[in-house]
Amino acid sequence: MVAHEMNQDGTLRALPERGRNADVIETHARIERDATSRRTFLGGAAAVAAAAATLTRAGTALARTSTDLAAQPPAGFAPFAAPGRVVKVKKAGCLEANGLFPKPDDAKEMLRRALQDLTGKGDLSEATKLFVHPQDKVCVKVNGIALQNMATNKELVLPFIEAMIASGVPPTNITVLEQYPGFMQGTRITAKSVPAGVSVVWHSNKDATMDWRDIPGTQRHTKFVRVLTESTALINFALIKDHSICGYTGALKNMTHGCSVNPQDFHDHHASPQIAVLSAQDILRSRLRLCIIDGFKLMAHGGPLYRHPEYVVPHESVYVSTDPVALDAVGWGLVEKARASFGLKSLTDEGRPPAYIQAAADLGVGIADPAKIVLHELTVA
């Protein structure tokens, strides 16, 4: 079978042998079909607002899910948490000449500085000790759906993995997870690039052992994948991107739709409030320890794929927080600012505001109110 890749005009072209992946092609095509059908079905921002209002009225009832699959930290260990606090570290010139990947030394130092500001620990391994314990089983969720053009870069992910090992976490307790093999290839993380013993896997929307779970307020059910449910800790590496269905995709969606077997079933109403309700599930909330945003580039339009590179700009930043809602609130603002610089309509004016961010805050997942978010910005030479 000859594999293909989407051109910017939506047509397909044959791929050379290197980089072929039928899963990626099928998934990308389905995403495009979903985006078109959902926009036709919805009828715009009014439906989004109504769905968010319904979720808000449900309030804590939706936040209280079954605790059967909640993870418990190792005895005596209390993971570091700072709701509403976001740290940004920026470094000009941190991208390689190709404009795609960060320089390894710069990425590692930006991560170190960000975690130092967040935790007060100047050493990377000492900082990671506040998030993971040697007895934890750690799921590291990355994002490579836009392939190598814009993925969570190995130059940012690998230093954190190495720091976890240095802090005492056995390599065999660490698994790097993505949805499809082609998406993992986009991150350039392979079994050979990680320390010996670390697993690099993908679930292909199939690898789940839990029973189906009804998701309140959605009339849908799902299963979260085995690597997540067998872990005790989740480290979330996400991006800053426009999304054709839900408006913005960052920390929350990377977990909710990237770790379940049927993400396509949670796209109605621009995935609001579905992302919020999924993020409120005990399976995610009890495991999430830290979110790290690869902000070396920013996608203002055309996401989640890479069909409009003219709207992808260098951002040269790394963000860290234990609060995925606060991160997404900040990221949404960044995308809107970039859209305005291109003369594009706001996501709200296009009828696809990411209402799920506030809905997640209403469920207690994090803080969305700009007045309550503390964003600390650092620039390194």
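Me: Before we start, what is a nonpolar core?
Reply: A nonpolar core is a set of buried Ala, Val, Leu, Ile, Met, Phe, Trp, Tyr and Cys residues joined through side-chain atoms within 4.5 Å. Please keep in mind that what you see here is a predicted model.

Me: OK, so which residues touch the most other members in the largest one?
Reply: The largest nonpolar core has 54 residues, and those that touch the most other members are F224, L228, I240, L252, Y319, V325 and Y356.

Me: Which elements give two or more residues to that core?
Reply: Those elements are the helices and strands labelled α8 (226-229), β9 (233-238), α9 (251-256), α10 (274-279), α11 (282-285), β12 (288-299), α12 (324-341) and α13 (356-362). The largest share, eight residues, is given to this core by α12.

Me: Pick L228, what does it touch?
Reply: Leaving aside residues up to four places away in sequence, L228 touches L234, C259, I283, L284 and R287.

Me: What does a second core include?
Reply: A separate second core is made of 43 residues, and among them are L95, L115, V140 and V157. As background, nonpolar side chains tend to be buried together in soluble globular proteins.

Me: Zooming out, how many helices and strands are there?
Reply: The protein has 13 helices and 14 strands. Of its 381 residues, 59% are buried, and among contacts between residues at least 6 apart in sequence, 75% join residues at least 24 apart.

Me: And the surface, what does it come to?
Reply: The accessible surface of the protein is about 15000 Å², with 52% of that area belonging to carbon and sulfur atoms.

Me: Switching to holes, how many cavities of 30 Å³ or more does the structure hold?
Reply: There are two cavities of that size, and the second largest has a volume of about 30 Å³.

Me: What lines the second largest cavity?
Reply: Its lining consists of I240, Y248, I293, Y319, L327, V330, G331 and L334, with four residues, the largest share, coming from α12. By class, seven of the lining residues are nonpolar, one is polar and none is charged. I240 and Y319 also appear among the residues that touch the most other members of the largest core.

Me: What about the second largest pocket, how much space lies in it?
Reply: About 400 Å³ of space lies in that pocket, and of the 23 residues that line the pocket, A81, R285, L288, T322 and V365 lie nearest its centre. The elements giving two or more residues to this lining are α9, α11 and β12.

Me: How does the lining of that pocket divide by class?
Reply: The lining of the second largest pocket has 13 nonpolar, six polar and four charged residues.

Terms used
Residues are numbered from 1 along each chain as its sequence is written. This is a predicted model: local features need pLDDT of at least 70, side-chain atom pairs count only at pLDDT 80 or more; totals for chains, interfaces and linings use all residues. Side-chain values use heavy atoms; hydrogens and water are left out. Buried means under 20% relative accessible area, exposed over 50%, partly exposed in between (1.4 Å probe, protein chains only). Contact means heavy atoms within 4.5 Å. Accessible areas come from the Shrake-Rupley method with a 1.4 Å probe; for residues, only the protein chains shown count as cover. On a 1 Å grid over the protein atoms alone, a cavity is a set of points where a 1.4 Å probe fits but cannot get out, and a pocket is an open set with protein on both sides within 12 Å along at least five of seven lines; lining residues have an atom within 4 Å of a point. Grid points are joined across faces, edges and corners, and a volume is the space filled by probe spheres set on the points. Ala, Val, Leu, Ile, Met, Phe, Trp, Tyr, Cys and Pro count as nonpolar, Asp, Glu, Lys and Arg as charged, and the others, Gly among them, as polar.
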